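Me: I would like to go through the terms used for this model one by one, and to see how each label is reached.

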Amino acid sequence: LTGQRALDLVVGDSDGVITMFSRQQILSKQEIGTAVTTIDIFKDLEQGYEIVAGGMNGTVTGFQPHEIFWSLKVAEESAKLATLGMV
């Protein structure tokens, strides 16, 4: 997460809080509003990254330690696509 070869850790809890640690200290916290079920880190070609977390209520959120980029609810987005005849 810090890009300085530190052993970083990302954990989520049942309250919907994702805590990011670097060098045995809390780097930041983000709230996704639902119990965290999945966390994954995606790297891009320029050595950047995005953390993506899934929640118990079907929410999927993409962020970095200090900024949430996007969030969506899968059921709502699926319903929108269904009304457009895309599903």
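**Labels and their cut-offs**

Reply: Leaving aside neighbours within four places in sequence, G12 is in contact (heavy atoms within 4.5 Å) with V17, I18, V36 and I39. This is a predicted model, in which local features need pLDDT of at least 70 and side-chain atom pairs count only at pLDDT 80 or more, while totals for chains, interfaces and linings use all residues. Residues are numbered from 1 along each chain as its sequence is written, and side-chain values use heavy atoms, with hydrogens and water left out.

Me: Why is G12 called partly exposed?

Reply: Buried means under 20% relative accessible area and exposed over 50%, with partly exposed in between (1.4 Å probe, protein chains only). G12 has a relative accessibility of 37%, so G12 counts as partly exposed.

Me: What makes the meeting of K80 and E77 a salt bridge?

Reply: The term asks for a side-chain nitrogen of Lys or Arg within 4 Å of a carboxyl oxygen of Asp or Glu. The side chains of K80 and E77 meet at 3.3 Å, N to O, and therefore the pair satisfies that cut-off.

Me: Where do K80 and E77 lie?

Reply: Both are in helix 1, residues 74-83 (helices, H or I, are DSSP runs of at least four residues, and strands, E, of at least two, numbered from the N terminus), and they are three residues apart, about one turn of the helix.

Me: How do you know that strand 4 and strand 5 pair?

Reply: Two strands pair if DSSP finds at least two bridges between them. Seven bridges join strand 4 (residues 36-43) to strand 5, so the two strands pair, and they run antiparallel.
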